[in-house]
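Biologist: Please take a close look at the salt bridges of this model, and describe in connected form how exposed the residues that form them are. I should also welcome an account of the helix packing and of the domain layout around them.

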Amino acid sequence: MTGRKQHMKVRIGIGLLSALLIFSNAITLHACPFCSGPSRTLTEQLSESEITVLAKWIETKKGTLERSGNTLFEIKKVIRQSYKDHLDVGDQIIINRHRSGKRSQLFLLLGTNETSMNWKNLIPITETCFQYVSQAPPAKEQTSKRLRYFLKFLEHSDPMIANDAFAEFANAPYEKITPLAKELPRKKIRTWIVSPDTPVVRLGLYGLLLGLCGQESDIAFMESKINEPVKKVRFGIDGLISGYLLQTGADGLDKIEQTKFISETVPYSETKAAIQALYFMWAYGNERISKERLRKSMRLLLDRPELTDLVIADLARWNDWSVLDRLMQMYQTEDYSNSSIKRAIIRYLLVASKGRNKKGIGADLNTAEKAKQFINKLRKEDPKTVQSAERLFIVR
């Protein structure tokens, strides 16, 4: 697939999401917004299993068309079992599936015992990793308390431990991470951000963490990383920009606007990362940057036709009706004749026409009336686009 087609595929997907959800006024981030999709951690898997044993791999037999393969393990330690089970150290377990391994290699065997023992997960594990997960706070423990334990294992030399510790942070709500700000290893985080050995999926989290624990001396470091020459899509830059804005507030946003929004040479991916940082500051910035200042920054992007439809949706979601007259003019302008932009303008007008709700969110009476009049005008002049815009449209 060519780069252009990939770009269009992403834009179409985002556009559809905007049509369905973007006009919601609530933003809820249940996990790190700059990390890859949530993954099940070892402690989560342990908490979900009824039977857990540490076992060593003995041998395996491949299956045939007539018979399934099987694998033989020997129990080294019984971690959890019900009163119905009678497993003991030294017992051998035959599992009816082929699982490759090495002689005496350790595995965590996780299973259930509904009507009979059912081994669902066979996880290869090192002795060090077993000690790590054995001492970890259980999943039911308070999240911030649990994160204090996993903090010590970020970028551990054992990849399985490092990946799991990262996953604990990646899955945690932002407000559960902030109590750890004074305990974060600031110097180590800086090293991780610049290290070529750090997996790129972790960079967004580390950028955000540096914003939480950073000092004045870290601002120049963050600026230099944000403004590095861009040769390809950079993973984690959205988290680093967010961390930078936590440190610098509106003054930092002035610089981000110049380098990521106004610059004519900035790649689309960099601008999109900066937009993600605006979303973050809106949801979790605690007025470090005022809502109106964030709206002003977002309005700058109306001049970027490749982003205009997304920006219009965001301004509606952010209860910004100051651009209504401008959007009505844009609708008639050739530079903004793209159908996705026209649909976004119509949806903006539809929300504005509803006026203020019981929570005081929405357009004032004059703006609502103006939006209704323009919608009625478009229903006559451009009925197909209006009908298309109303399809799949949800106002919350």
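Modeller: In this predicted model, Arg40 has a relative accessible area of 46% and is therefore partly exposed, since the exposed class begins only over 50%. Its partner is Glu48, and in the salt bridge that joins Arg40 to Glu48 the closest N and O atoms are 2.2 Å apart. Glu48 falls into the partly exposed class as well, because its relative accessibility is 48%. Arg40 and Glu48 form one of 24 salt bridges counted in the model.

How are the two residues of another pair, Lys260 and Glu270, placed: buried or exposed? Both Lys260 and Glu270 are buried. Their side chains form a salt bridge with an N to O distance of 2.7 Å. Lys260 belongs to helix H10 (residues 237–262) and Glu270 to helix H11 (residues 268–284), so this salt bridge ties together parts that are 10 residues apart in sequence. The pair also takes part in a network of salt bridges, which links Lys225, Glu228, Arg234, Lys260 and Glu270.

Lys231 may be considered alongside this network. Lys231 sits in the loop between helix H9 (216–226) and H10. Its relative accessibility of 83% is over the 50% limit, so Lys231 counts as exposed. Between the C-alpha atoms of Lys231 and Arg186 there are 28 Å, with 45 residues separating the two along the chain.

A further salt bridge joins Glu306 to Arg304, with 2.6 Å between the closest N and O atoms. The two partners fall on either side of the 20% limit for burial: Arg304 is buried because its relative accessible area is 12%, whereas Glu306, at 29%, is partly exposed.

As for the domain layout, the assignment divides the protein chain into domain 1 (42–135), domain 2 (181–302) and domain 3 (304–395). The C-alpha centres of domain 1 and domain 3 are separated by 58 Å.

The helix packing to be described here concerns helix H15 (residues 339–353) and helix H16 (residues 365–381), whose axes are 8 Å apart and meet at an angle of about 135 degrees. That angle makes H15 oblique to H16, because only angles over 145 degrees would count as roughly antiparallel. The crossing of the two helices, H15 and H16, is left-handed. On the H15 side, the contact is made by Ile346, Leu349, Leu350, Ala352 and Ser353. These residues meet Ala368, Ala371, Lys372, Phe374, Ile375, Leu378 and Arg379 in H16.

Ile346, one of the H15 residues in that contact, also serves as a reference point for Ser388. The C-alpha atoms of Ser388 and Ile346 lie 9.7 Å apart in space, although 42 residues separate them in sequence. Ser388 itself is placed in helix H17 (residues 383–390). Leaving aside residues up to four places away in sequence, Ser388 touches Arg343 and Arg347. With a relative accessibility of 21%, Ser388 is not under the 20% limit for burial and therefore counts as partly exposed.

To return to the salt bridges, the pairs described include one with two partly exposed partners, Arg40 at 46% and Glu48 at 48%. They also include Lys260 and Glu270, both buried, and a pair in which Arg304 is buried while Glu306 is partly exposed.

How values were computed
Residues are numbered from 1 along each chain as its sequence is written. This is a predicted model: local features need pLDDT of at least 70, side-chain atom pairs count only at pLDDT 80 or more; totals for chains, interfaces and linings use all residues. Side-chain values use heavy atoms; hydrogens and water are left out. Helices (H or I, at least four residues) and strands (E, at least two) are DSSP runs, numbered from the N terminus. Buried means under 20% relative accessible area, exposed over 50%, partly exposed in between (1.4 Å probe, protein chains only). Contact means heavy atoms within 4.5 Å. Domain bounds come from an automatic or database domain assignment. A salt bridge is a side-chain nitrogen of Lys or Arg within 4 Å of a carboxyl oxygen of Asp or Glu. Axes are lines fitted to C-alpha atoms, for helices over the stretch in contact, and angles run from 0 to 180 degrees between N-to-C directions. Angles under 35 degrees count as roughly parallel, over 145 as roughly antiparallel, 65 to 115 as roughly perpendicular and the rest as oblique. A crossing is left-handed if the near helix is turned anticlockwise from the far one by less than a right angle, and right-handed if clockwise.
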